[in-house]
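User: Got a model open here and I'd like to talk through the contacts. Can you start with the chain-to-chain side of things?

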Amino acid sequence: MIKFEHVGLRYGVGPEVLSDIDFTLEPGSFHFLTGPSGAGKTSLMSLMYLGRKPTRGLVTMFGRSINKMERPQLSAIRQRIGVVFQEFRLLPHLSAFDNVALPLRILGRPEKEIRSNVTELLEWVGLGDHKMMLPPTMSGGQQQRTAIARAVIARPKLLLADEPTGNLDDEIGFRLMTLFEQLNRMGTTIVIATHSQTIMDQFGHPRLVLEHGGLRVEEPKNWIRRKIEGVF
Amino acid sequence: MNILNSLFRTKDKQLGVAERGRRYDLPLNKSAGTGFLILLVALMTFLAVMALGASFTLGEMAQRWASGLENRLTVEIPAEITGGALRSPSDIAYLSEKTAEALKADPAVETVEIMGEADVQALISPWLGEDLSFEGLPLPGLISVKMRIGTPEAIERLRHTLKGINQDIHLDAHESWLKDLLRLTGALKFAAAAITLIIALTTIAAIAGAVRSRMAEHKADVELLHLMGASDLYITRQFQRHALILALRGALAGTAAGGLALLLIGLSAGNGGDTGLLPNLHLGTKHVLTLILLPCAACLIASLAARFTVLRVLALMP
Ligand SMILES: Nc1ncnc2c1ncn2[C@@H]1O[C@H](COP(=O)(O)OP(=O)(O)O)[C@@H](O)[C@H]1O
Ligand SMILES: [Mg+2]
């Protein structure tokens with residue numbers, strides 16, 4: 001699904017924010033991306049959603065190298081990726097409904113299908129009564145839920161969420177995590193950047209840990225324990 | 001209660017319409033300078049209507065002059081013999097008769113008319129002044145000729161015939177001043193075309209500039225659409241539609257004003273009298289066609305300008 005080989009990224013003439021990143025994510029996997037603030041989680045995400053090109057190294061997405069890809073092919077790949085941005089990035093003049101509908105409209109889906117799907121999902125994330133609300137009038141949590149709904153509405157093959165539960169109370173945060181789990185069971189590959197220890201412990205998925213510009217993969221403790229228990 | 005109900009129902013309906021009528025992902029119509037741009041397109045279209053209207057009228061005029069004079073010649077038997085001596089009136093009358101007969105014999109000639117003394121005096125008097133007497137003034141003999149076909153060869157043949165009668169006889173085919181007139185109207189038509197071209201280029205530059213500033217204004221949103229996998233065409237459509245609507249509004253206003261102005265000019269100029277020199281200044285077919293086609297052209301220009309500008313800016317995104 002995703003393969004990074006010796007990937008490095010620097011902003012302008014600054015130091016390398018990411019250096020020698022090497023990892024492979026299998027289709028259908030679920031990973032947490034963690035690390036201290038400023039470690040480069042958002043930067044790594046932006047490489048994965050094709051928001052910028054690496055300064056060095058090879059990035060392969062959906063089995064194809066993005067370094068040699070033409071614009072139309074890049075658009076096609078982006079359409080298969082759902083992103084929850086750390087700062088949401090909702091279109092401020094569009095209602096919650098129209099924001100969530102955007103990926104379907106980009107895909108050219110019929111308006112009737114859009115209406116029913118978007119309404120259903122908005123109700124599911126608890127925004128059924130705020131369909132016509134504009135982002136600037138929403139609370140942080142409402143914006144985050146709108147952003148999550150927009151990221152998953154088109155059933156992406158890959159979902160990238162950058163601290164998607166940061167503004168949510170535990171209950172709604174847990175509810176949205178189960179939404180991601182459901183999507184994952186339906187085949188979506190998921191990467192969630194977080195530094196919430198509680199969430200990572202609650203859902204035992206492998207972790208990509210960013211530190212000092214490098215990346216290492218950690219199997220979760222309870223995951224290992226479960227494996228050991230399975231063996232004996 | 002009923003009133004409240006119906007009030008809410010209309011409100012619901014309006015919300016529904018707003019949702020269905022959602023034309024823009026980007027709020028381009030709310031950008032500053034939209035009104036100014038519409039005004040600019042309106043002014044440009046107005047100027048284009050004027051320039052093209054003038055061009056067509058000039059063309060029509062030139063054609064009238066040309067067709068009115070092309071087949072007419074004037075033959076002059078000068079009152080003065082080369083060398084300075086005066087020709088006697090009887091000599092002039094004799095030469096006129098001879099010349100007229102020679103002309104009638106030519107197959108290209110339709111009618112020949114020797115102008116009487118009174119006619120000649122009437123022609124010359126504007127140059128001499130009303131109060132001057134013609135008593136004793138040597139008058140040339142003039143013969144008016146209408147050709148069936150005024151080809152250069154036929155005219156050359158007539159010249160040759162006339163030279164055989166008398167070296168002094170002069171044939172005026174009105175060529176030189178007709179040529180000057182046609183050259184003048186041609187130059188004016190060219191100027192009108194150049195002005196129209198400049199108007200089109202100005203409109204393109206204005207639309208392209210406006211699209212650029214709107215893209216800068218909505219850079220974050222455009223980038224977001226791009227990241228969500230919107231194709232260049234999807235994003236371009238937003239701007240193109242905006243430019244199209246804007247140009248249509250401006251062009252309709254400008255064309256309406258221009259058409260009205262042409263109509264008023266036509267009315268105030270009257271029907272050109274019977275001189276045959278001025279055409280009727282009513283709106284001809286070409287004018288009406290222009291009025292219909294100009295808004296279409298403005299929309300096409302605006303939407304193409306928007307399209308290429310957006311595509312150029314998008315090409316810079318990763
Ligand atoms: N657009 C940018 N331009 C320059 N430096 C940036 C930019 N975005 C992030 N950085 C820098 O890159 C480093 C990693 O940032 P980021 O990826 O946001 O980390 P995290 O998401 O883990 O907090 C930080 O030092 C930050 O200052
Ligand atoms: Mg971050």
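Analyst: Sure. Across the interface of chain A and chain B there are six residue pairs in polar contact, both residues at pLDDT 80 or more. A polar contact here is a pair of N or O atoms within 3.5 Å; within protein, one must be able to donate a hydrogen and the other to accept it, and residues adjacent in sequence count only if both atoms are side-chain atoms. Keep in mind this is a predicted model: local features need pLDDT of at least 70, side-chain atom pairs count only at pLDDT 80 or more, while totals for chains, interfaces and linings use all residues. Residues are numbered from 1 along each chain as its sequence is written, and side-chain values use heavy atoms, with hydrogens and water left out.

User: Which element gives the largest share of the side of chain A that touches chain B?

Analyst: That's α3(A), with six residues. Helices here are DSSP runs (H or I, at least four residues), and strands are E runs of at least two, numbered from the N terminus.

User: And by class, what's on that side of chain A?

Analyst: Eleven nonpolar, four polar and seven charged residues. Ala, Val, Leu, Ile, Met, Phe, Trp, Tyr, Cys and Pro count as nonpolar, Asp, Glu, Lys and Arg as charged, and the others, Gly among them, as polar.

User: How many salt bridges between chain A and chain B?

Analyst: One. A:Arg71 pairs with B:Asp232, the closest N and O atoms being 3.0 Å apart. The rule wants a side-chain nitrogen of Lys or Arg within 4 Å of a carboxyl oxygen of Asp or Glu. A:Arg71 lies in helix α2 of chain A and B:Asp232 in helix α8 (residues 232-269) of chain B, so the pair joins two chains.

User: Is B:Asp232 buried or exposed?

Analyst: Buried, at 17% relative accessibility, whereas A:Arg71 is partly exposed at 24%. Buried means under 20% relative accessible area, exposed over 50%, partly exposed in between (1.4 Å probe, protein chains only).

User: Switching topic: what coordinates the magnesium ion?

Analyst: A:Thr42 through OG1 and A:Gln86 through OE1, at 2.0 to 2.3 Å. A:Thr42 sits in helix α1 (residues 41-48) and A:Gln86 in the loop between β6 (81-84) and α3 (96-106), all of chain A, so the pair ties together parts that are 44 residues apart in sequence. Donors are N, O and S atoms within 2.8 Å of the metal (3.2 Å for Na, K and Ca); water is not among the atoms, so the site may look incomplete.

Key
Chains lettered and ligands numbered in written order.
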